[in-house]
Amino acid sequence: MVTRSQILVRGIVQGVGFRPFIYSQANRRDLRGRVRNNTTGVLIEVEGNYSDIEQFIADIRSNPPPLSLIESIECSHHLAPADYADFLILESAQQGERFVPISADVSTCDACLKELFDARDRRYQYPFINCTNCGPRFTIVEDIPYDRAKTTMRDFEMCPDCRAEYENPLDRRFHAEPTACPVCGPQLYLLSADGLEVGPDVVAPQDTVAFVQGLLLKGRIVAIKGVGGFHLACDALSPEAVEQLRRRKYREDKPFAMMANSVEVVEQHCFVSEAERRLLLSERRPIVLLEKRPDSEIAQAVAPRVNNLGFMLPYSPLHHLLLNNLDQPLVMTSGNMSNEPISYDDGEATRRLNKIADYFLLHDRRIHMRTDDSVARIHDGREMILRRSRGHAPEPIRMAFRFERQVLACGAELKNTFCLARDKYAFVSHHIGDLENLETLQSFTEGIDHFKRLFFLEPEVVAYDLHPEYLSTKYALSLDDTATKIAVQHHHAHIASCMVDNQIDGEVIGVAMDGLGFGTDGRMWGGEFFVADFLEAERVAHLAYVPMPGGAKAIREPWRMAAIYLQHAFGDEFVNLDLPFVKDLEQRGWPTLRSMVATRSNSPETSSMGRLFDAVSSLLGVKAEVNYEGQAAIELEAMADRNCAEGYEFQISPTENAIEGGPVIRDAVEDLLDGFPAAVVSARFHSDVANLIVSMAAKVRNDRKLNRVALSGGVFQNMLLLGKTCEMLRRDGFQVFTHARVPTNDGGISLGQAAVANALIKSGRI
Ligand SMILES: [Zn+2]
Ligand SMILES: [Zn+2]
């Protein structure tokens, strides 16, 4: 007996080959009907034997297309037959409640790669080859539903060959929206720095990429338009090329990422574990931070004074062509001036980058949403994301709870992301950057508008950081008054973010070790111990306050924090210590600083662990002034002797909740005076901070009968500290939660804000 069923599949089901998959499954079981995308998901109608329909649904559930992510399958069965003669794939319909997660950009698949290098294929060496299983998605989508007409590929009309593939349900490019070929699709072109096209008299169009590879090997710097924005590329083995790139980009020390053709090339320069190999090869293709081999020939200037290198493998056909047969890595850093967002528009890029790049390798496929490369590393055998962007965004993070109302969380100032949430999804944005200039702010507001449109969101709740000066806070407060505004303390958001990341609920011991975040007492926090849940964070202990002379200047000049901590530990007599550090203090301006602190002018108080790391780092001789965020701590970690286990003692008095940093500084100074190398002092300091965390957690466990510890905050990007802390906590019987899916740095703040705001709404307190 023939019966009809209507099936709605929700989740990531558009742009991932879902309809052809349904088509082939229906044909296999002799079912007739229709499948179409709507604004809610994929809507299927099938008729045939009921048992066949049941099997058909079971197959969808158990074996969906590789890039899809099914959230739910809703069915109405036993409807009257519509007497369909066949099974058809229909054009998209504008109906439903407009809520379809859009796939992230996916690296080139094996089938496309094979064609790319097959001289008989019509897409041989075509830099924009893609199919249903790979290619650009988020970066080219202008609106939903996901159809070619709503992407930047609408600029290109398909040729008859491409259209035939696109319309053939049995072709692997069936409804591959960005599909293209050399006849009809995007084209590459090469410009010199002065904007003139390098014509066929210099290089034949089909040889352009090989020509660019040659330019790079000759030491030139080339701006290359990629999937989510521009890269600046140069030869990673050439000190001259890399140093020139640094000079032109005004980027002194912050490490550059690199791209290599294969894991084997990466292995010439870094140690690569099995888990790291898998991460490098994963379809998201993040930059993976790896331990540098001592015999690596990478130019020092690629990553000065750090022991990790960031590598990624090619993820677009253009990259595969550019690195083809290349047995050495290229620097591939974001195409921007320092502190500006990545360039993505041709005109704007050539204007902004023409003092940096010698050439521009461009193409005419527009990038709608700029997206930086993601950054990840392996911790404890699993992926730990440090920058969640291309390859991840805008994929939603699935919640263990439901958002009562639609929430917009505006995030923090540095490494900003925003987050829009509804139902059981949190859409954490791609990496926006440091909200310190107009360009980044614009990228932030445009991003929010785009996400609202894509996911049909109209937030009723707006969460923001307590810091009154953050541009994200000012933005939140400037929004119209109908939304409920909720301020969330920075470190509470960190802990909540770690809890969401691990899908846990209830009270935890929250340890937030961070740079700076505005506290509820108006001071700058960052070395915090909480008893926390989503609703509340009770601050049970923190690093003792010290002044931060000059405010933000103390972040750029870590010597200021070293001087303050020395004064704290030894009194004003510290200037007589026999340390290299005190030699040029006078010249640096200590007397002024001293009176500044004495009169409490421009010296906000801080309990930041990040600033204590700065102080120790400076004491051990790293640069007096840093030029990128976290540099002093990163160099301190890099210099530590990995074989040294013992630490100093922080003093935790059983009654006080302020932990003094002075004793640790005294121990470190004594070691230096005794002639211990900086490597040992650094290692001991790391052990010591780990010790502090474990003793404090043990104290809270005694008092409050809690055994779960959530670790969050930018300081835990330090793998030496994170590793030691986790190991010691576990040895002591704690259950430890660290970040994996969202960054431990401020990139994770927006997700935590959304969770806290939701809990407050749910509780009825707001
Ligand atoms: Zn493909
Ligand atoms: Zn074509």
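**View 1. Helix α24 and the glycine that follows.** Gly764 comes just after α24 and has a positive phi, near 85°. The helix itself, α24, runs over residues 749-763 and has 15 residues; helices here are DSSP runs (H or I, at least four residues) and strands are E runs of at least two, both numbered from the N terminus. From first C-alpha to last, α24 reaches 21 Å, close to the 21 Å expected at 1.5 Å a residue (the expected span being 1.5 Å times one less than the number of residues). Of its 15 residues 13 are buried, so α24 is largely enclosed by the rest of the structure; buried means under 20% relative accessible area, with a 1.4 Å probe and protein chains only.

This is a predicted model, where local features need pLDDT of at least 70 and side-chain atom pairs count only at pLDDT 80 or more. Residues are numbered from 1 along each chain as its sequence is written, and side-chain values use heavy atoms, without hydrogens and water.

**View 2. Tyr23 meets Phe87.** The structure holds 15 aromatic pairs, meaning rings of Phe, Tyr or Trp (its six-membered ring) with centres within 6.5 Å. In this one the centres lie 6.2 Å apart and the planes are at 70°, so the pair is edge-to-face (planes over 60 degrees apart). Tyr23 sits in helix α1 and Phe87 in strand β5, 64 residues apart. Both residues are buried.

**View 3. Arginines over rings.** Arg701 lies over the face of Phe734, 3.8 Å from the ring centre. The charged end of Arg684 sits over Phe676, at 4.7 Å from the centre of its ring. Such a charge has NZ of Lys or CZ of Arg within 6 Å of the ring centre and within 35 degrees of the ring normal.

Conventions: Chains lettered and ligands numbered in written order. Phe/Tyr/Trp six-rings, centres within 6.5 Å; stacked < 30°, edge-to-face > 60°. Buried < 20%, exposed > 50% of the residue type's maximum accessible area, 1.4 Å probe, protein only.
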